[in-house]
Amino acid sequence: ELGGYPHYMLKEIFDQPEAIRNAMRGRLDLEEATAKLGGLNMNPHQLLRIQRIVIVGCGTARHAGIVGEYLIESLAHLPVEVDYASEFRYRNAPLDGETVVFAVSQSGETADTLAAVREAKRKGMRVLGICNQVGSTIARETEGGVYMHAGPEIGVAATKSFTSQVLVFLLLAVLLGRLRYLSARQGKKLIEAIEKLPDQVTSVLSRHKEIRAIAEKYADAEAMLFLGRQFQYGIALEGALKMKEITYIRAEGHPAAELKHGVIALVDERIPSIFLCPQDGVYDKNVSNIAEVKARRGPVIAIASEGDDRIGKLADDVFLIPQCSELLAPILTVVPLQLLAYYTALSLGRDIDKPRNLAKSVTVE
Ligand code: M6R
């Protein structure tokens, strides 16, 4: 079952090229320059009437929702709000008939997410699911949705379900975008780029030893900061969650600009900062933040893009991802962070597939 891998988590990290290939299979329409998501059970007319999207989920699923928020807003210009399922269910959030709620859950059995689904349905909302487990409770109780097709995920730390969820949001953003502002030319360009993702993930994975060396160098860190902006903000949160879940190192994820609003007080030579700074619209802003951290003697690990000749002079350690659109970069930058958490946990001798105090599926409130 483990296929020669020492842990499910590592196997599932390496499953990702296949998992995202499965998530996009049959859903890309190059001719029409759009995505096809028949399981939503909504015709183009109904999709066009959506005025607002609310995404609910817990843990990693919520982080994928945050990346989805930026994707949908930028491609479809629709207002999106992401909430913890546990908060949404007790909040009296004003919703109207033009709002669609997406519940994101790998297992489809998370109690808080299920309760949020039921609350939104009670309010008369159309609720759709983004689930991995076929026939799970959330998949059954929603009016439609999109299956991730990531295959079974056994490791408590979610990995391939995250990249599959982000891919599903990308497809959804293309679909909603093409009904609104996205031209056929832009749609086609995006689809061609999406098709390249599995090979790009494979190329990131082939360089796992570079991440292992970085992980071993910083394994005794007292705490870690994960910083990213825009499309990388959700990845900063996800990187920190992976690190704390399986290594028990205190790890915090923040938008990079929040540093000067408080977070930078933590920085010293024992606390590395992991910056997500691929080539994108906020690259220069990230570079200034890196300089601020270096000025306080904080070690910096940068996840940047191939061809970046500035970052090596600033950061202590650099891992380069293949060049791609900023919209697709989250799927590539999260992989080194999963590996960083994995190899850090390995050098600390942690129980990687079954970290303390955690369960794979949280079916109680
Ligand atoms: O099955 P779900 O996607 O609903 O699970 C949600 C969270 O419990 C889950 O993502 C959790 O945060 C993981 N352990 C993260 O690695």
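**Around the ligand: a short tour**

Hi everyone, let's start right at the ligand, where the surrounding shell of residues splits into six nonpolar, six polar and two charged. Please keep in mind that this is a predicted model.

So who sits around the ligand? There are 14 residues in that shell, and the ones that come nearest are Ser-105, Gln-106, Ser-107, Thr-110 and Glu-245. As for secondary structure, helix 4, covering 59–76, gives at least two residues to the shell, and helix 11, covering 233–247, also gives at least two.

Now for the polar contacts, and I'll take three of them. In Thr-110, a side-chain N or O atom is 2.4 Å from an oxygen atom of the ligand. For Ser-105, the distance from a polar side-chain atom to a ligand oxygen is 2.6 Å. With Ser-107, a polar side-chain atom and an oxygen of the ligand are 2.7 Å apart.

How much of the ligand does the protein bury? On its own, the ligand would expose 410 Å², and 91% of that is buried by the protein. And where does the ligand sit? Its space is the largest pocket.

Let's zoom out to the whole protein. You'll find 14 helices and twelve strands in its secondary structure. If you follow the C-alpha trace along the principal axes, the protein spans about 55 × 45 × 45 Å. Why call the overall fold compact? Because a compact globule of 365 residues would have a radius of gyration near 21 Å, and the protein, at 20 Å, agrees with that.

That's my tour, thanks for listening!

How values were computed
Residues are numbered from 1 along each chain as its sequence is written. This is a predicted model: local features need pLDDT of at least 70, side-chain atom pairs count only at pLDDT 80 or more; totals for chains, interfaces and linings use all residues. Side-chain values use heavy atoms; hydrogens and water are left out. A residue is near a molecule or strand if one of its heavy atoms lies within 4 Å of it. A polar contact is a pair of N or O atoms within 3.5 Å; within protein, one must be able to donate a hydrogen and the other to accept it, and residues adjacent in sequence count only if both atoms are side-chain atoms. Accessible areas come from the Shrake-Rupley method with a 1.4 Å probe; for residues, only the protein chains shown count as cover. On a 1 Å grid over the protein atoms alone, a cavity is a set of points where a 1.4 Å probe fits but cannot get out, and a pocket is an open set with protein on both sides within 12 Å along at least five of seven lines; lining residues have an atom within 4 Å of a point. A molecule sits in a cavity or pocket if more than half of its atoms lie within 2 Å of its grid points. Helices (H or I, at least four residues) and strands (E, at least two) are DSSP runs, numbered from the N terminus. Ala, Val, Leu, Ile, Met, Phe, Trp, Tyr, Cys and Pro count as nonpolar, Asp, Glu, Lys and Arg as charged, and the others, Gly among them, as polar. The radius of gyration is taken over C-alpha atoms; the globule rule is 2.2 Å times the number of residues to the power 0.38.
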